[in-house]
Amino acid sequence: MVDSLAEFLRRSEHLLVLTGAGISTESGIPDFRSPGGVWTRYDPRQMTFDRYVESAEVRALSWAMRREFFAAGARPNAGHLAIAAMEAAGRSVGVITQNIDGLHQEAGSRTVVEIHGTARTVTCIGRRPRWGMPDGCGFREDTTWAFARIDAGDPDPACPECGGLVKSATISFGQAMDTTSMDAAAQLMDVADAMLVVGSSLQVHPVAGMPVDAVERGLPLAIVNREPTPLDDLADVVVHGSAGEVLG
């Protein structure tokens, strides 16, 4: 099946790559949903946007979870590097990713749409945002800024510009999706001539609907994932294996 994937990629000149957690677990990023994953140590029911706004204790847990995320010391693997190489060769229009780790950019990918935001930065969400809508002043800083504040004795860092709450620039449960990212993803879909899904279970929306949209537009679809996905029957090529081994 790897030969079939190679032929699929050769036929595409404007490939759109869609990636999920499976490509980053190979780099040591802790998984969230699998047995032994992050959600076995942190209760996802507490990690909602509203709970974050309401509770300093939840904010402290969130910062602890982010420290664990970065403690893995992850680096791009062969899958990330192969995807970046395809873009550098002019054969890919870019990446849409569910991941928040920034490894695609570190690997050299230039066009990356992060549907769920990024853990590498923090942002002001305002003093009392409601209905899952951040309402901050625009403050944005590297995540190490928050860690430094916490290490200096401030367990609940506030925005230095307006005094609002500061949160990782990721999309939490119950938080409104970033319309800018969704628009950017739609623009990539408009110019693509094929889609390659890598390391996604295709069970989390809105990303799970994107391959369906691609097929309905007439785009060929290939899926590389360790386990079967609900959309394998829609794909022209399916390879069950790790992203690094297959794409590398």
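The paragraphs below lead from the central sheet of this predicted model to several individual residues.

The sheet is a convenient place to begin. It is an open sheet of 6 strands in the order 3-2-1-7-8-9, and the pairing is parallel. Strand 3 (112–114) and strand 9 (237–240) stand at the edges; each has a single partner strand, so one side of each is left without a neighbour in the sheet. On average, neighbouring strands of this sheet are turned by 15° against each other, direction ignored.

The individual pairings can now be followed across the sheet. Strand 2 and strand 3 are joined in the parallel sense over 3 bridges, and V95 has V112 in strand 3 as its bridge partner. Strand 1 and strand 2 also run parallel, and 5 bridges join them. The reader may find L18 opposite I96 of strand 2. Towards the other edge, strand 8 (residues 221–225) pairs with strand 9 in the parallel sense over 4 bridges. Here N225 has H240 in strand 9 as its bridge partner. When tracing side chains along these strands, one general point is useful. In a regular strand, side chains alternate between the two faces of the sheet.

Is strand 2 largely enclosed or left open by the rest of the structure? Of its 6 residues, 6 are buried, so strand 2 is largely enclosed by the rest of the structure.

Helices lie across this sheet. Helix 1 lies across strand 1, strand 7, strand 8 and strand 9, and runs at about 135° to strand 9. Helix 8 (residues 179–191) lies across strand 1, strand 2 (92–97), strand 3 and strand 7, and its angle to strand 2 is about 145°. Strand 1 and strand 7 thus appear in the list for helix 1 and in the list for helix 8.

The loops that leave or enter the strands also deserve attention. S12 is placed in the loop between helix 1 (2–11) and strand 1 (15–19). Because its relative accessibility is 4%, S12 counts as buried. Which residues does S12 touch, not counting residues up to four places away in sequence? They are R91, D193 and A194. With D193 there is also a polar contact of 2.8 Å, which joins the side chains of S12 and D193.

A second loop, between strand 7 (194–198) and helix 9 (210–216), contains G199. At 9% relative accessibility, G199 also counts as buried. Leaving aside neighbours within four places in sequence, G199 is in contact with G20, A21, G22, I23, V224 and N225. N225 is the residue whose bridge partner in strand 9 is H240. The C-alpha atoms of G199 and R226 are separated by 7.1 Å, although these residues are 27 residues apart along the chain.

I23 appears again in the surroundings of H80. This histidine is found in helix 5 (residues 78–88). H80 is buried, with a relative accessible area of 0%. Apart from neighbours within four places in sequence, the contacts of H80 are I23, S24, S27, L103, H104 and A107.

Another buried residue, A169, belongs to strand 6 (residues 165–170). A169 counts as buried because its relative accessibility is 10%, and buried means under 20%. Not counting residues up to four places away in sequence, A169 touches H116, G117, T118, T121, V122, T123 and R140. Separation in space can be compared with separation in sequence for A169 and A78: they are 91 residues apart in sequence and 27 Å apart in space, C-alpha to C-alpha.

The cysteines complete the account. How many disulfides does the model contain? The count comes to 0 disulfides. C124 is in no disulfide, and the nearest cysteine sulfur, that of C162, is 3.5 Å away. C124 is buried, with a relative accessible area of 4%. Why is C159 not bonded to C137? The closest cysteine sulfur to that of C159 lies in C137 at 3.5 Å, which is too far for a bond, because a disulfide requires sulfur atoms within 2.5 Å. C159 is likewise buried, with a relative accessible area of 5%.

Notes:
Residues are numbered from 1 along each chain as its sequence is written. This is a predicted model: local features need pLDDT of at least 70, side-chain atom pairs count only at pLDDT 80 or more; totals for chains, interfaces and linings use all residues. Side-chain values use heavy atoms; hydrogens and water are left out. Helices (H or I, at least four residues) and strands (E, at least two) are DSSP runs, numbered from the N terminus. Buried means under 20% relative accessible area, exposed over 50%, partly exposed in between (1.4 Å probe, protein chains only). A polar contact is a pair of N or O atoms within 3.5 Å; within protein, one must be able to donate a hydrogen and the other to accept it, and residues adjacent in sequence count only if both atoms are side-chain atoms. Contact means heavy atoms within 4.5 Å. Two strands pair if DSSP finds at least two bridges between them. Axes are lines fitted to C-alpha atoms, for helices over the stretch in contact, and angles run from 0 to 180 degrees between N-to-C directions.
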